Amino acid sequence: MYLYNSATHKKEEFKTHTPNHVEMYTCGPTVYHFAHIGNLRSYIMEDVLEKYLRYAGYDVNRVMNITDVGHLTSDADEGEDKMLKGARREHKTVMEIAQYYTDAFFDDCRKLNIKTPDVVQPATGLIPEFVQMVSGLLEKGYAYLAGGNVYFDTSKLPRYYVFNDHDEEDLAVGVREGVEEDTNKRNKNDFVLWFTKSKFEDQALKWDSPWGVGYPGWHIECSCISLKYNGEYLDLHCGGVDNAFPHHTNEIAQSESYLGHPWCPQWFHVAHLNTNDGKMSKSKGEFLTVSLLQEKGYDPLAYRYFCLQSHYRKALVFTWENLDNAAGAYVKLQKKIAALDPNDGTVDQAVFDAYKAKFVQTMGNDLNTSMGVTAIFDVLKAKTNDATKLALIGDFDQVLSLNLLEAAAAFRNAKPAQVIAQHDGVYIVTGEGNPAIDALVMQRYEAKKAKNFAEADRIRDELKAQGIEIVDVKGGATWKRI
Ligand SMILES: [Zn+2]
């Protein structure tokens, strides 16, 4: 496989420390709020990468952290604690917030067909290891105590800026307006390994340490969690491009100083999802979540399809119109696959192997997912029987995870428009064969007939929230998606 490496700024042949085995680390979410779909773009592309590596024959050990402590509103460890902010916003404890949003994150992942990593480690579960690593960095002279906190001394490194292609906006992260400068730091880019004297006296989570009661900085958790579960040699580190600086830069500084040898040679960064006004963020404009997409009637996998149509290193612009186009194309693809006859012939191995080889090569070329999707259309046009086509589509979908065969089977088995009840009139339903929606449409009709208008309106609103509109027709009702 050839993969672009942001540490060397080149597309390189993918290599691992141990043959056929990949130690892979992914920065996980900070669980103080829902993930927005821009965050989830990174997880989708990392999921495709992991699945491709497995498909190509690698054995993969993938590790991910859950940040439930230590991440401040500025990525350069200044500002307010994100978890505390979330807890105050929702009048809950920090751990309640962490649990709620961890569950919400994995719910989103499930809906988007993102596999759960082999190891998922919340930061609060590994405090003794963090303390040990910070102690090691102090002993080796890479860290210092100032004002009660422990800082990493970036001036001790021959080369601190490892990724020098991040943009000015990311570099300016530590000097944003409204962020007070930390006068304890010896150098501008020094960062906190352990906080004791924090300006937040109400910090909810604190642990004992040789430097006083406190809590870890955000960056140390990833170095430490990876070291524990991936070992001393990491093959591949993934994350959103906004994590390259300062987060990943700091991870490298800590890990290599602590270990005394190079740590991770390959870095995979996924570009931003933008809106028309710029980079998507939680604080700006509409807060786009998977649940919101569902409320508007989109299949979450249509969003996955939308992401796969673009290269992971290119910024992707989200508009509802762009998503509509992707959603339409995704359904059209499902219908095309549904039209294939599973009983048409048996798998032609030579054809299967030829198309598979092409797919492997396409995806192995810096994870070209848009060409990977195109490969499915090529299979649909191939001069071979339907059994071979279905086998190939199922094979490719192990990597793309678009539920193509399942969705096509559902189309194939869907009942035509039918009458679902007969009272004094009929209810006409769509051909989707969705019993849950049909039942609600019926309940609403009966409530209306009984002149229980409040209940009828409530059901109408409930369906509307799911993107379903009831249309009254003579003697019954029908429904459509809006
Ligand atoms: Zn990280």
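Visitor: At 21% relative accessibility, does Asn113 count as buried, exposed or partly exposed?
Guide: This is a predicted model in which local features need pLDDT of at least 70 and side-chain atom pairs count only at pLDDT 80 or more, while totals for chains, interfaces and linings use all residues. Residues are numbered from 1 along each chain as its sequence is written, and side-chain values use heavy atoms, with hydrogens and water left out. Buried means under 20% relative accessible area and exposed over 50%, with partly exposed in between, using a 1.4 Å probe and protein chains only. At 21%, therefore, Asn113 counts as partly exposed.

Visitor: What is the phi of Asn113, which is not a glycine?
Guide: Asn113 belongs to the loop between α3 (94-111) and β7 (119-122), where helices (H or I, at least four residues) and strands (E, at least two) are DSSP runs numbered from the N terminus. Although Asn113 is not a glycine, its phi is positive, at about 60 degrees.

Visitor: Is Asp366 buried or exposed?
Guide: Asp366 also is not a glycine, yet has a positive phi of about 55 degrees, and its place is the loop between α11 (349-363) and α12 (369-381). With a relative accessibility of 3%, Asp366 counts as buried.

Visitor: Which protein residues are the donors of the zinc ion?
Guide: Donors are N, O and S atoms within 2.8 Å of the metal (3.2 Å for Na, K and Ca), and sites may look incomplete because water is not among the atoms. Along the chain, the donors of the zinc ion follow the spacing C-x194-C-x24-H-x3-E. Lying 2.0 to 2.7 Å from the ion, they are Cys27 (SG), Cys222 (SG), His247 (NE2) and Glu251 (OE).

Visitor: What is the arrangement of the four donor atoms around the zinc ion?
Guide: Four donors count as tetrahedral if all angles lie between 85 and 135 degrees; four count as square planar and six as octahedral if opposite donors are over 155 degrees apart and all others between 65 and 115, and anything else is irregular. The four donor atoms here subtend angles of 75 to 132 degrees, so the arrangement is irregular.

Visitor: How many of the 16 residues of α7 are buried?
Guide: Helix α7 (residues 244-259) holds His247, which is buried, as is Cys27. Pro246 also lies in helix α7, and the peptide bond leading to it from Phe245 is cis, with omega near 0 degrees. The helix is largely enclosed by the rest of the structure, because the buried residues number 15.

Visitor: In what order do the three strands of the open sheet lie?
Guide: Two strands pair if DSSP finds at least two bridges between them, and two bridges join β14 (residues 273-275) to β15, which run antiparallel. The edge strands, β15 (278-279) and β16 (316-317), each pair on one side only. The pairing in this sheet is mixed, and the order is β15-β14-β16.

Visitor: Which residues have the most contacts inside the largest nonpolar core?
Guide: A nonpolar core is a set of buried Ala, Val, Leu, Ile, Met, Phe, Trp, Tyr and Cys residues joined through side-chain atoms within 4.5 Å. The largest one has 130 residues, and its largest share, 10 residues, comes from α1. Those with the most contacts inside it are Leu49, Leu53, Leu236, Tyr303 and Phe318.
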